Each structure stands twice: as structure tokens, then as C-alpha cells.
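Welcome! Please take a look at the structure below, and then let us walk through some of its features together.

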Amino acid sequence: MAAILDRRMLLAGAGASAALPYLGARALAADPLKVGFIYVGPVGDFGYTHAHDVARKKTQDFYGDKIKTNYVENVPEGPDAERVLRQLAQEGNALIFATSFGFMNATAKVAKTLPKVYFEHATGYMRGPNLATYNARFYEGRAVIGTIAGMMSKTGVGGYVASFPIPEVVMGINCFTLAARKVNPKFQTKVLWLSTWYDPAKEADAAKALADQGADIITQHTDSPAPLQVCEQKGLYGFGQASDMSSIAPKAHLTAIVDNWAPYYIGRVKAVMDNTWKTGDTWWGLKQDTVQIAPYNPAMPDNVKKAADDVKNAIIAGTLHPVTGPVSDNKGTQRLKDGEKATDEMLEKMDWYVEGVQS
Amino acid sequence: MSLEIAISIVMTLVIAATPILLAGLGELVAEKSGVLNLGVEGMMLVGAVAGFITASLTGFTPAGYAVAALAGLCASLLFGVLALTIGANQVATGLALTIFGTGLSSLAGAGFVGTTITRLPALFPQGLAGHPIFRIVFGYDVIVYLSVALTLAAAWFLNHTRPGLILRCVGESDASAHAIGYPVTVIRYLAVAFGGALAGLAGAYYSLAVTPMWADRITAGRGWIALALVVFSSWRPWRLLLGAYIFGAVMTLELYSKAAGFALLPPEMLAMLPYLATVVALAVIAMRPSRGRLDAPRCLGKTFRAGA
């Protein structure tokens, strides 16, 4: 069974558990393995955190009473995270997933002081003997929806509701635009930065502003379904973010990039059970089913479905890399030569926009 | 810039301004009576979730607004019991109400994530509401017109009626009002309840009109903007209306200018503009030689105890 905690309950419980000596979850073989998760947002965001929590539940269901998962939601990225991590460890969680980039320093610090607990940090780059990192190649999904956008857009202008200009978001914009321009070389992507991951009203207004500037297909790298609702209202097309959002906008929702962390979580839990857990950096994508493409909208023409499937299958087969040269940035400098593929390092540090991006 | 886009900008800003105007107006009346309720964000969230659940279950959106106002009112009464009857610190109680409202709304709304409801239609017939030009005036739902009408009513009530005068008197000098024989606490309860009902309505405007869905913390801090707006308005309803539309314009214009390919300000600036505008307005008001104070009700935030 899953225990639902929030931060305040955890703080209250911490005093009691601190008095107990730390045993480690494997000290008592009969006890279920305890696995902890910390989330940056609410599980009800219907986006990023929601997707992590769906994976947690799947992991719990997969192992039944052999494990016990706990989570703490709405953990601020900063010193608070350190305290929550420590407390999860004290409560006996042998494996702890810190699911947001901003938990990186706190996780690294706590991992050093608690060498017997395994830590996993999403989307970061700091690793240690008991601290692994994991991420998903969402940009592969962006190439699929970019292909759809390029074919479905009549105006040739796509809108992109974006959060912060970090490499994760920048590579998504670039892959979307590159894929769209492959099918429509004149395609332009208008990017609107909001400086927030989550503000439904602002996301909706941004989508309206983009639509009024001629964008007839809108995608997003913010967490609420608000931009999709604007598309539904205005008769435009859009894509879901992190979760299948078709229930919110049945007509506008063409497909979604779905985060599926469950295979990774299930695998890592098994590694702890088998005593084979090793640190490392995992970056899975469409091939490993970590990045999924939601079912297509039935209204999407067959040739578009096929083109999208072709891109998806080629990425899975390894015959297509979404960022393959020639690629020039939007200032005219060539970044990749003909046939040259972007390395993971280049993607992780991306701070330039491909031709066709208006930012 | 084409006329069509200009109209679209105005319509977007009116919708952005309406909920902060409603929440701000409620808080203005409460503050006029001398009560500082920092729980606006919490009451908005309670209203937003109650309104959404009602509209979702009944399929009747107007019922959602009615229940939202009622829910906001109930939340404000909770504040009233603690801050007015028991005499707890208003600032602490208000903040607690916000934390409570955030948690409660998240709990109550958990089963409704990922569903949607139908918005209220425009108040006026399609010929006017859908007209390419006249829609700038006639293209909104009833809540938008209600927010303006309520501003008018509040301005008239506060400045031209006897009960309004009594309410202001309670806010300016609770001891004097009490000495004359006015029931200070009862009057403050009424003002706080009015504030709660409007905050609930404002919250529901997000979950039922701006983005008709439920998502945790859907108001995303607009309650704090409404609080800032009350100070910005220096406790005058008309200035509050103006301020709400200025705040709405600032938020909307920035997005449109960037979508059009030029940025007036970096996005980080945009996020702090409403608060910055409040600070500037405060400074300007404070510098006027004729008035040394900020027009704040003198008993604002003070706990009143009869006979104390």
C-alpha cells in the first residue's frame, strides 16, 4: 500500500523517528522495501509531477506488498529539499527519487552523508557512488509533434508557450522546429517565455497572443492544459504536455508527449532488491518507452499519422537523430555540418536556436 | 497593429482584470472596515474548487458561481471567528487561511483533475457579442459586467450612504464607533463576508471562465496581486477599477508584444510588474504634499475588543 504524506505530516513524524536508530530497509528481510519520492509540484498538476506520480503508482502495483512507496509533494527547490530527503531516509526509505532539476545540490549533499541509501536525481548531472541521474529524451517526442505541426499548420506559424530558457526547453524548441521545417521549409516557431512552469491563466493568455499573431498550432513546455483549452476554443490544434490531455480539449488535442517513468522506476527498484544497484546516468527515450506518443486524434489525416509514425519508428530504430546537420542557428551560423549528428553533450548545453525560431 | 489584434488585446486584458478586480473589491470593503484579510488567495482557491465541482456535477455553470461565492463567504467566516470573535492576529490568521485554502482546494479537487465544463456564454446576443468591432464592449460573460457594476455599487455605498459611512467610521476609529453604539464586530463580519464572497467569485472566474478546468493552485498567486491592488488604489473603488485594468493591460501587452517579435521587458520583469507598480504608486501617493499618509483606514489590522 502507498502511504500518502505531505511535508507537514512528515515533519511531525520526523521527531519520533529520529529517536530510533537508523536500521536500513534491508536489515529486516521480511519488511517491504521502502521507496521515497519528492515532487516539486502538486500531484494534481495534470502534467510533470502527475506523470511521476502515475509511475510511482505503477511501480507500487507492479511489486504489490513487496515495496512501500511514499511521496512528498510541493517540495521547494532549495534547503527545504535537503531536510525532506534526510527525513525520508530516516523513515527507512532505501531508494529515493528526487524528481526535479532544482533538487540537485540538496540531493548531492544528502547522498554524501548517507552512503547506505540510494539516491536518484532526475534531469541533473551530479553523480556519486550512491547517487545516479536519469532523464528522458523528450526532444525525440518533440520531433514527432513537430512533424505533425509542419503538416497540419496552414499558416506555417507554430506557437510555443515556453517556461525558462534552460537547455531542456531549448532543445525541445529546436527539435520541434527542425522537424516541422523538414515538411514545410518555411515553417516558423514563435516562442513566448513566461518565466514560470505553472500559471494556467498566463499560459492561456500566451496561447491567445500567439494565435492572434498567426500561429494556428500551439505547443507548450509549461505544465497546465490551459494553452490547449485556448486552441479548443479558437478551433486551432495543439499538443498535450507530459500527460495525455485529450479529455480537456478533445478536438484540439492532436497527440501528447507522455512521460512514462515507470519502466525506469521498476528497474531501479529491482536493482536494489537484487543488490545490483549501480550509479550511472540514464537517458531513455522513445525506444525504451520512457517517452511515449499519446494516441492520435482521429481527425488527423492518415498521411500525417503515417509521417509521424515514420519519424517515431526511425528514431526508435536509430536511423534518425532529430538534430542532424546541416543545422544553422537563427543568426545564420552553421552549427552542424551535413550529416553530422548532435552529441548528447551538445544537447545538454544547447543555448542557441535553429533557423525558423523567433524568440 | 491591426484593429483586430487591438480588439483581441483589449478583450484579453478585460478578462485578465476581472477576477483581480472582484477579489480586490471585496478586500477593499473589508479593509475599509478595518480588517486586513490576507487570506484572499485561499478564499479564491476555495471558491474556484467549489465552483468547479458544482458546475461539473450539475452541468449548470451559474450554480458554480453561486456556490463559489458561498464557499468563499464560509471561508471568510472562519477568518472572522478567529480574527474578530477570538481576536487572533489578523495577519497570521489571514496567512493561515491562505495555506488552509490551498490545501483544502487541492484535496477537494483531486478527483476533478483533467475534466472540463462549459463556460458561460456572452451576455449579449450573438449579433453584438460576435460583432467584429462591438464585441470589444458586448463580447463578455455576465461576470465581467457584474464586476464593473459592483465597483459602481461599492463606490456609491461607501461614499453616499449612511451604512457606508458607518462602515468607514468603524475602519477609521473603532473605539469611537463603539462609543456611539455601533456594533463594530458585526459590521466587520459583514464586510469580511462580502470580501469572502467576492474572492470566491473571483477564484471561480479562473476555474469556470479563464481556464475552465480544475488544476491545483489554479489562481497561481493572483490573490496577492489583488491585495497589492487595494493598496495601489489607495482604498478607492474607482481607482481599483482603473488599477485592475492597468495591471491586466501590463500583463497582456507584454505577452502580445513578445508574440509580435519585440519585447518591451524581459519576462522576469513582467512577473514582478504588478508589485513594482504598487510600490511606485505608494511612493507617489506618499510624496504628495497635501496628504502625509496613504489613506489607509486607521484601524486597519488592529484587533478590536469592546471595552478594551
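## A sheet in chain A

In what order do the seven strands of the open sheet in chain A lie? The order is β13-β11-β10-β9-β7-β8-β16, and the pairing is mixed. At the edges sit β13 (291–293) and β16 (357–358) of chain A, each of which pairs on one side only. Please keep in mind that this is a predicted model.

As general background, strands of a sheet pair through backbone hydrogen bonds, either parallel or antiparallel. Here, strand β10 (residues 237–242) and strand β11 (residues 253–259) of chain A run parallel and are joined by five bridges. To see one bridge pair, find A:F239, whose partner in β11(A) is A:T255.

## A closer look at A:A242

A:A242 also belongs to strand β10 of chain A. Is this residue buried or exposed? A:A242 counts as buried because its relative accessibility is 2%, under the 20% cut-off.

Leaving aside residues up to four places away in sequence, A:A242 touches A:G47, A:Y48, A:A51, A:I257, A:V258 and A:D259. For a sense of distance, you can also compare A:A242 with A:E232: they are 10 residues apart in sequence, and their C-alpha atoms are 18 Å apart in space.

## Cysteines without disulfides

How many disulfides are there over all chains? The count comes to zero. B:C299 offers an example: the closest cysteine sulfur, in B:C169, is 9.0 Å from the sulfur of B:C299, so the two are too far apart for a bond. A disulfide would need the two sulfur atoms within 2.5 Å.

You can also check how these side chains sit in the model. B:C299 is buried, at 5% relative accessible area. A:C231, in the other chain, is buried as well, with a relative accessible area of 1%.

## A cavity in chain B

A search of the whole structure turns up one cavity of 30 Å³ or more. The largest cavity holds about 50 Å³ of space. Which residues line the largest cavity? They are B:A83, B:L84, B:Q90, B:V184, B:T185, B:R188, B:K302, B:T303 and B:F304.

Two or more lining residues come from each of α3 (61–85) and α10 (184–210) of chain B. The largest share belongs to α10(B), which gives three residues. By character, the lining of the largest cavity divides into four nonpolar, three polar and two charged residues.

Notes: Residues are numbered from 1 along each chain as its sequence is written. Chains are lettered from A and ligands numbered from 1 in the order in which they are written. This is a predicted model: local features need pLDDT of at least 70, side-chain atom pairs count only at pLDDT 80 or more; totals for chains, interfaces and linings use all residues. Side-chain values use heavy atoms; hydrogens and water are left out. Buried means under 20% relative accessible area, exposed over 50%, partly exposed in between (1.4 Å probe, protein chains only). On a 1 Å grid over the protein atoms alone, a cavity is a set of points where a 1.4 Å probe fits but cannot get out, and a pocket is an open set with protein on both sides within 12 Å along at least five of seven lines; lining residues have an atom within 4 Å of a point. Grid points are joined across faces, edges and corners, and a volume is the space filled by probe spheres set on the points. Helices (H or I, at least four residues) and strands (E, at least two) are DSSP runs, numbered from the N terminus. Ala, Val, Leu, Ile, Met, Phe, Trp, Tyr, Cys and Pro count as nonpolar, Asp, Glu, Lys and Arg as charged, and the others, Gly among them, as polar. Two strands pair if DSSP finds at least two bridges between them. Contact means heavy atoms within 4.5 Å.
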